[in-house]
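Subject: Structure handover and notes

Dear colleague,

I am passing on to you the structure we spoke about, with the sequence alongside. Please open it first, and then read the notes beneath it.

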Amino acid sequence: MRDKLFLYRAINIRGEEVAGEIAGSSEDDVMGMLDEQNMMILEIRKENWWYSFFNRQHFWYLKKIGFSELARFAKDLGIILKSGISILEALDILKQRSSNALLKKNLETVQMALRKGESLSEALTNLSGTFPDMFIFMVKTGETSGELPKMLEVIGQYYEERYDNQQKIKEILFYPIVLIIVSMLVTFFLLTVVLPQFAEIFLSMDQELPQLTLWFMSISDWLRDNSLHLFLFLISAAVLWQMAKNTPAVRLWMDQLKNILPVYGKIGQWEFLMLFAKTFGILMRSGSELIGSLNGLKNITNNLFYKQSITILEEEVKKGASMSSVMESLSVFEEAFVQFMAVGESSGMVSEMMEMTASFYESQYKHRIGMLKMMLEPFLLLIIGGGVLFMILAIMMPVFDLYLIYSNL
């Protein structure tokens, strides 16, 4: 029988009122699970269809925990566990300190799973939609190696760096996106409101108009006649794109397209190589098994082309090939990366060489990010400014012609 989701309110052993959701086959089953946790039940009700619809489908992105929150959670949990406090008590402390409602709710679910005898990684696996697969895999590695507190600190640093890189990209893209949106709105206003008013004046005077003005006037007429159709087309295209973009074929095509874009493609490749080297080095240093580590590394990226490359690498290594020889045949791995790996394999110092490789590609990545920031803004200003200049010329050229005609009378 499939479990249903129930919402509950209860008072815990410390006298605090708590609320959350819990899966169970029936209301009695849920009451039994809450009783086992010494909770005094105030209310239990089955999840409404509308709650499920909005919470689970339309707002699925709200069920993600950001990199900064993951970093803070992992670091704090590692520090508390090092002090000798049990994991259940540690989660209680973090739950009280956290201001993130989503994290608090999920920590309660984790605690329930731990009380049933599950490990932390198993408990987090049930929340894989909230916690990234890479996070869960690294926790499992820490449990297997017997160094969970140390691994949690490493995880915290890992996600802290990923958050910093994420913020750098957002900072670079924020200004251009705002600039593009504003310029599109201004262009639409000039074409549909300003230019038609001038056009009526020009046509009433039976004046011969420049070709540039006529061209913009034809665009203006088309926009005014087809604005609704254009709006509906854009909405339909956006809906179709949302439906198609998660299909494997479309995702692979888009990821391959990203990889060949100038500047942006190289930045994406270097970010992947940096994360690959850094994560692989961490896993090797923690004593993780090679094939398992390669399988886990698929979770460092959402790019299907890169995932496929890791899958090929994993399959060939299973057959007995060396990593460097396989990497040499995969376009995603640069020659310098392959050489670093070859040196690590021959010297038996793979984790150390991967740390050096990660540092090398991190510096390259940051340098290229800085170059992109310097190039993008002036380039966009030039393109957008040029377009606005042409529109102003289209409006003002007939005005100048009128001025010359009347000044000669």
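The notes below start with the whole chain and then go on to the spaces inside it, two helices and a few single residues.

Please keep in mind throughout that this is a predicted model. The protein has 16 helices and 3 strands as its secondary structure, and of its 409 residues, 39% are buried. If one takes the contacts between residues at least 6 apart in sequence, 62% of them join residues at least 24 apart.

**The largest pocket**

The largest pocket holds about 1800 Å³ of space, and its lining is made up of 45 residues, with F67, R162, T301, N302 and N303 lying nearest the centre. Several helices contribute to this lining, since α7 (133–145), α8 (148–204), α10 (248–260), α11 (264–285) and α13 (304–318) each supply at least two residues. Which of the elements gives the largest share of the lining? That is α8, with 9 residues. Sorted by class, the lining of the largest pocket consists of 20 nonpolar, 15 polar and 10 charged residues.

**The cavity**

Apart from the pocket, the structure holds 1 cavity of 30 Å³ or more, and the space in this largest cavity comes to about 30 Å³. The residues that line the largest cavity are L190, L191, L195, F216, M391 and I395, and the elements giving two or more residues to that lining are α8 and α16 (350–407). Here, too, α8 gives the most, with 3 residues. By class, the lining of the largest cavity has 6 nonpolar residues, with no polar and no charged ones.

**Helices α3 and α7**

Helix α3 covers residues 67–82, and its 16 residues should span 22 Å at 1.5 Å a residue, which agrees with the 23 Å that separates its end C-alpha atoms. Its buried residues are F67, E69, L70, A71, F73, A74, D76, L77, G78, I80 and L81, so that the charged residues E69 and D76 are found in the buried set alongside nonpolar ones such as L70 and F73. Against which helices do the buried residues of α3 pack? They pack against α4 (87–97), α5 (101–115), α6 (120–125), α7 and α8. After α3 comes G84, which has a positive phi, near 100°.

For α7, the same check of length can be made: at 1.5 Å a residue its 13 residues should span 18 Å, and its end C-alpha atoms are 18 Å apart, which agrees. The buried residues of α7 are M134, F135, I136, F137, M138, V139, T141 and G142, and they pack against α3, α6, α8, α11 and α12. Just after α7, G146 has a positive phi of about 75°.

**Three single residues**

Two lysines may be of interest to you. K298 is found in the loop between α12 (290–296) and α13. Is K298 buried or exposed? Its relative accessibility is 18%, and because buried means under 20%, K298 counts as buried. When residues up to four places away in sequence are not counted, K298 touches K307, I310, T311 and E314, and with the last of these there is also a polar contact, in which the side chain of K298 meets the side chain of E314 at 2.9 Å.

The other lysine, K278, has its place in helix α11, and K278 likewise counts as buried, because its relative accessibility is 15%. Leaving aside its neighbours within four places in sequence, K278 is in contact with E161, A358 and E362.

The third residue is N12, which is placed in the loop between β1 (4–11) and β2 (17–24). N12 is buried too, with a relative accessible area of 11%. Which separation is found between the C-alpha atoms of N12 and M40, which are 28 residues apart along the chain? The two C-alpha atoms are separated by 6.6 Å.

With best regards

Note on methods:
Residues numbered from 1 in each chain as written. Predicted model: local features only at pLDDT ≥ 70, side-chain atom pairs only at ≥ 80, totals over all residues. Heavy atoms only, no water. 1 Å grid on protein atoms, 1.4 Å probe; cavity = no way out; pocket = protein on both sides within 12 Å on 5 of 7 lines; lining within 4 Å. Points joined across faces, edges and corners; volume = space filled by probe spheres on them. Helix = DSSP H or I, 4+ residues; strand = E, 2+ residues; numbered from the N terminus. Expected span 1.5 Å × (residues − 1). Buried < 20%, exposed > 50% of the residue type's maximum accessible area, 1.4 Å probe, protein only. Contact = heavy atoms within 4.5 Å. Polar contact = N/O pair within 3.5 Å; in protein donor to acceptor, adjacent residues only side chain to side chain.
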